[in-house]
Amino acid sequence: MVGEVAPDLSTSPVSPVCSIHFHRVDGWGVARALFHMGADRFALRSVPGLRFWKLLGTGSGETFGVRDADLTRWGLFCVWDSDADRGRFEASAVAARWRRLSSATWSAVLAPTSWKGSWAGVEPFAGFARTDPGLAPDTIVAAITRARIRPRQWRAFWRAVPAVAASMRDTPGLLFRVGVGEAPLGLQGTFSLWESNERITTFAYKTRAHQDVIRRTHETNWYAEELFARFVVVSTSGTLDGLDGV
C-alpha cells in the first residue's frame, strides 16, 4: 500500500503492545494454513487481552494483484492489553499449532510511535499513548500501511504501484518489505522494516514517485479507508526470508 500522510499527534494515557508474526509453510502445509486462516478466526476472538487482530495473506507487494500472492507465507498482526497477554499467547494452542506447521517463523514486538486512520472500521490503537518520537539514530522502526481501495479506483491504483515499488526497493535503509492483506483484491497493505526513522521519513516525504502517489491520493480519493502506523521494534525472534537478528 502506498501514500503515507502526516500522522495525527494526539496523545492518550495507555502504552500499546503490538506483535506481528510471519510463518513459512511448505508442501501440504499450504492447505492446512488455508484451513487455519479461516478456523483460527474463532479461536482468536476468545484470546485474553487481544484487543485487535488480523490474519494476513502475503505477497511481493510489487503490483498488489493476485499474481503477487505468496501461498507459502502467512501473517498475524495483534494489539494487546499488555505484554503479559502477548507472552501467554505465545504459549497458546493457536501459536503452537502455527509453529508446528511452519518451516520458518519470524515475529516482532512493536511499540507504535504514530498512527492515523482505521482498519476494518476500527481504530486499533484507540486509547493508547504514543511513544516518545525522540529515537536514537540506530533505532530500527517498522511501518504498516493498509487501505481499502474503492472498486472504481483499482485500475488507477495498480498503475501507480510499480513506480513506488521500484523506488522503495532502491531506498537506502530498507531492511525488509512484504505485501499484506486480508483478501487478494481491494484490501492492500505493506509491512516494512527500516534502519531508522529518518530513513523511512526520507522515503515517505522526499521520494518523487511516493510524493506523486500522495498527491494523486488526495486528488482522486482512491481509498475508502486507510491506516498508516509507525513502530519502534522492541524485539524480534526467529528467522525467515533473511530476517535474522533484525
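Start with the whole chain in view: the protein has six helices and eight strands. The model is a predicted one. Followed from the N terminus, the elements come in the order β-α-β-β-α-α-β-β-α-β-β-α-α-β. Colour the chain by residue number to trace this order.

Stay with the whole protein for a moment. It has 246 residues, and 53% of them count as buried. Take the contacts between residues at least 6 apart in sequence: 80% of these join residues at least 24 apart. Switch on the surface, and the accessible area comes to about 11300 Å², with 55% of that belonging to carbon and sulfur atoms.

**Stop 1: strand β2**

Select residues 50-59, which form strand β2. Nine of the 10 residues here are buried, so the strand is largely enclosed by the rest of the structure.

Next add residues 69-80, strand β3. Which way does β3 pair with β2, and over how many bridges? The pairing is antiparallel, over nine bridges. To see one position in this pairing, pick Leu55, which stands opposite Leu76 in β3.

Now add residues 174-181, strand β6. β6 and β2 also run antiparallel, joined by three bridges. Here, pick Gly59 and look across to Gly179 in β6, which stands opposite.

In a regular strand, side chains alternate between the two faces of the sheet. Turn on the side chains and look along each strand.

**Stop 2: helices α3 and α2**

Select residues 93-101 for helix α3, where Val94, Ala95, Ala96, Trp98 and Leu101 are buried. What covers them? Show β1 (17-24), α1 (29-44), β3 and α2 (83-90), which are among the elements that cover the buried residues of α3.

Keep α2 on screen and select Asp85, which lies in this helix. Is Asp85 buried or exposed? Its relative accessible area is 10%, so Asp85 is buried, the cut-off for buried being under 20%. Apart from neighbours within four places in sequence, Asp85 is in contact with Pro48, Gly49 and Trp80. Select those three residues to see the contacts.

**Stop 3: two cysteines**

Last, select Cys18 and Cys78. How far is the sulfur of Cys18 from the closest cysteine sulfur? The distance, to the sulfur of Cys78, is 9.0 Å, which is too far for a bond. A disulfide would need the two sulfur atoms within 2.5 Å. Cys78 is likewise in no disulfide, and the count for the protein is zero. Cys18 is buried, at 0% relative accessibility, and Cys78 is also buried, with a relative accessible area of 0%.

Terms used
Residues numbered from 1 in each chain as written. Predicted model: local features only at pLDDT ≥ 70, side-chain atom pairs only at ≥ 80, totals over all residues. Heavy atoms only, no water. Buried < 20%, exposed > 50% of the residue type's maximum accessible area, 1.4 Å probe, protein only. Helix = DSSP H or I, 4+ residues; strand = E, 2+ residues; numbered from the N terminus. Pairing = 2+ DSSP bridges. Contact = heavy atoms within 4.5 Å. Areas by Shrake-Rupley, 256 points an atom, 1.4 Å probe, with all protein chains shown as cover.
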